[in-house]
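Please read the following report alongside the sequence and the structure shown here. It moves from a helix to a pair of strands and the loop that joins them.

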Amino acid sequence: MMKRRLLSLTMALALCLSLLPVTAGAEGDVFYIERSWNSTTNTVTQEEKSVTEYTDINSSTIT
């Protein structure tokens, strides 16, 4: 009986924590993968690049 109560309490806590807003990792650089097609070798090449200047988009951003 006590195990069931503890499990339900844990699940309720996990549900509440999953509803909290999460901010994206806005500290540091933003990374992306640039892919390109090499027609000579018929392969896709990819390179991870970083961006240091970017615009943070949120609910108050006007388009």
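Leu17 is exposed in this predicted model, because its relative accessible area of 53% lies over the 50% cut-off for that class. The residue is found in helix α1, and together with Leu13 and Leu20 it makes a nonpolar surface patch of about 310 Å². The helix that carries Leu17 covers residues 2-18, 17 residues in total, and reaches 24 Å from its first C-alpha to its last, which is close to the 24 Å expected at 1.5 Å a residue. Of these 17 residues of α1, the number buried is 0, so the helix lies largely in the open.

The strands come next. Strand β1 spans residues 30-38 and strand β2 spans residues 43-51, and the two run antiparallel, joined by 9 bridges. One of the residues with a partner across this pairing is Tyr32, whose bridge partner in β2 is Lys49.

Lys49 also takes part in a side-chain contact, since the structure holds 1 salt bridge, and this salt bridge is formed by the side chains of Lys49 and Glu34 at 3.1 Å, N to O. The pair links distant parts of the chain, with Lys49 in β2 and Glu34 in β1, 15 residues apart. Side chains of opposite charge can pair when their charged atoms come close. Lys49 is partly exposed, because its relative accessible area of 27% falls between the limits of 20% and 50%, and Glu34 is likewise partly exposed, with a relative accessible area of 36%.

What sign does the phi of Asn42 have, in the hairpin of β1 and β2? Asn42 has a positive phi of about 55° although it is not a glycine. Most residues other than glycine have a negative phi. Asn42 lies in the loop between β1 and β2, and the hairpin of these strands has 4 residues between them. Asn42 counts as exposed, because its relative accessibility is 53%.

The accessibility values discussed above are collected here.

| Residue | Relative accessible area | Class |
|---|---|---|
| Leu17 | 53% | exposed |
| Glu34 | 36% | partly exposed |
| Asn42 | 53% | exposed |
| Lys49 | 27% | partly exposed |

For the salt bridge, then, both side chains can be placed by class, with Lys49 partly exposed and Glu34 partly exposed, whereas Asn42 in the loop counts as exposed.

Definitions and conventions. Residues are numbered from 1 along each chain as its sequence is written. This is a predicted model: local features need pLDDT of at least 70, side-chain atom pairs count only at pLDDT 80 or more; totals for chains, interfaces and linings use all residues. Side-chain values use heavy atoms; hydrogens and water are left out. A salt bridge is a side-chain nitrogen of Lys or Arg within 4 Å of a carboxyl oxygen of Asp or Glu. Buried means under 20% relative accessible area, exposed over 50%, partly exposed in between (1.4 Å probe, protein chains only). Two strands pair if DSSP finds at least two bridges between them. The expected span of a helix is 1.5 Å times one less than its number of residues. Patches are made of residues with over 30% relative accessible area and no salt bridge: like charges are joined within 9 Å, nonpolar side chains (Val, Leu, Ile, Met, Phe, Trp, Tyr) within 5 Å. Accessible areas come from the Shrake-Rupley method with a 1.4 Å probe; for residues, only the protein chains shown count as cover.
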